[in-house]
Amino acid sequence: MMHKFFAKTQFIGKNVIYLPQCHSTNTEMQTFLKKTTLEEGTVVMADFQIKGRGQLNGRWISQKEKNILMSILLNPTFLSLHQQYYLTIIQGLAITDALGHFIANDVKIKWPNDIYVGANKIAGILIEASVSKKSIDHAIIGVGININQQEFGTLKATSVLLETGLYQNRDHVMELILLYMEKWFQKLKNKQYEEIILKYHALLFWRNEKHTFRVQGEPMEGKIQGINDRGQLIVEIQGKKRTFNHKELIFIK
Ligand code: BTN
């Protein structure tokens with residue numbers, strides 16, 4: 001089903017496939033791509049996912065018609081394989097830019113790909129890339145953002161509504177996200193890495209603060225410094241810089 005959606009973008013969101021319900025917008029995009037070619041910037045959006053997927057085989061649960069559930073198709077053939085993490089970074093920047101229009105409190109990026117307000121998660125990103133020998137052929141950028149949902153059970157989660165007391169039109173927030181995503185994608189294409197990393201560092205959750213982490217089962221005090229050119233997290237622990245991959249360290253307090 002096509003959706004009339006007038007994003008003032010150049011290419012992201014010009015073609016929108018709207019599904020009232022599906023398993024997962026990422027999976028739907030993959031299925032479409034097996035049958036047909038889709039133009040870069042195509043967006044699959046849904047009001048409900050039966051099998052919403054999260055990072056590391058997790059699930060993404062979202063009440064019907066309350067939140068943004070979408071996947072964006074990009075062809076970042078200009079990125080080398082080890083630069084794939086930049087896609088997560090720019091999507092995180094686009095989400096924080098857009099949510100900044102509504103939320104007065106700081107919206108932060110918890111490395112590598114969670115968006116937080118205070119101690120609660122407001123959005124998540126799941127990127128699935130198809131790679132050829134040296135570059136990234138296409139990437140499906142899955143984005144879940146809590147907009148008008150009020151209850152999250154025991155999850156440490158929040159929404160734009162919970163943060164502000166106001167309901168938002170999901171299409172409007174989505175258009176902002178797509179506009180900012182296009183802006184950051186252009187910067188990435190133009191190889192403006194420094195500007196991207198500077199902004200990412202400025203938004204990094206717990207950066208330059210003393211906190212407790214768990215590393216190989218051991219609690220340790222450390223200070224996040226930033227990411228290196230492979231997208232790994234640099235943490236200063238007992239005066240030494242150490243680097244970590246996803247899940248090699250756990251944020252405690
Ligand atoms: C995470 O934080 O674990 C990532 C969550 C990503 C959720 C989005 S919702 C739209 C897209 N379709 C999915 O099945 N997952 C992503």
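Which residues line the largest cavity? In this predicted model, the lining of the largest cavity is made up of Met45, Ala46, Asp47, Asn67, Ile68, Leu69, Met70, Arg170 and Met174. Two or more of the lining residues come from each of the elements β2 (43–49), β3 and α4 (170–189). By class, this lining divides into 6 nonpolar, 1 polar and 2 charged residues. The volume of the largest cavity is about 40 Å³, and the count of cavities of 30 Å³ or more comes to 1.

The ligand, in turn, takes up the space of the largest pocket. Around the ligand there are 19 residues, of which Ser24, Gln49, Arg53, Gln55 and Lys121 come nearest. A polar side-chain atom of Ser24 is placed 2.7 Å from an oxygen atom of the ligand, whereas nitrogen atoms of the ligand are approached by polar side-chain atoms of Thr25, at 3.2 Å, and of Gln49, at 2.9 Å. Of the 420 Å² of accessible area that the ligand has on its own, 97% is covered by the protein.

With respect to secondary structure, at least two residues of the shell around the ligand are supplied by each of α1 (25–35), β3 (68–74), β6 (120–131) and β7 (136–145), and the largest share, 4 residues, comes from β6. The shell around the ligand comprises 6 nonpolar, 10 polar and 3 charged residues. Strand β3 thus appears in both settings, as it contributes to the shell around the ligand and to the lining of the largest cavity.

Key. Residues are numbered from 1 along each chain as its sequence is written. This is a predicted model: local features need pLDDT of at least 70, side-chain atom pairs count only at pLDDT 80 or more; totals for chains, interfaces and linings use all residues. Side-chain values use heavy atoms; hydrogens and water are left out. A residue is near a molecule or strand if one of its heavy atoms lies within 4 Å of it. A polar contact is a pair of N or O atoms within 3.5 Å; within protein, one must be able to donate a hydrogen and the other to accept it, and residues adjacent in sequence count only if both atoms are side-chain atoms. Accessible areas come from the Shrake-Rupley method with a 1.4 Å probe; for residues, only the protein chains shown count as cover. On a 1 Å grid over the protein atoms alone, a cavity is a set of points where a 1.4 Å probe fits but cannot get out, and a pocket is an open set with protein on both sides within 12 Å along at least five of seven lines; lining residues have an atom within 4 Å of a point. A molecule sits in a cavity or pocket if more than half of its atoms lie within 2 Å of its grid points. Ala, Val, Leu, Ile, Met, Phe, Trp, Tyr, Cys and Pro count as nonpolar, Asp, Glu, Lys and Arg as charged, and the others, Gly among them, as polar. Grid points are joined across faces, edges and corners, and a volume is the space filled by probe spheres set on the points.
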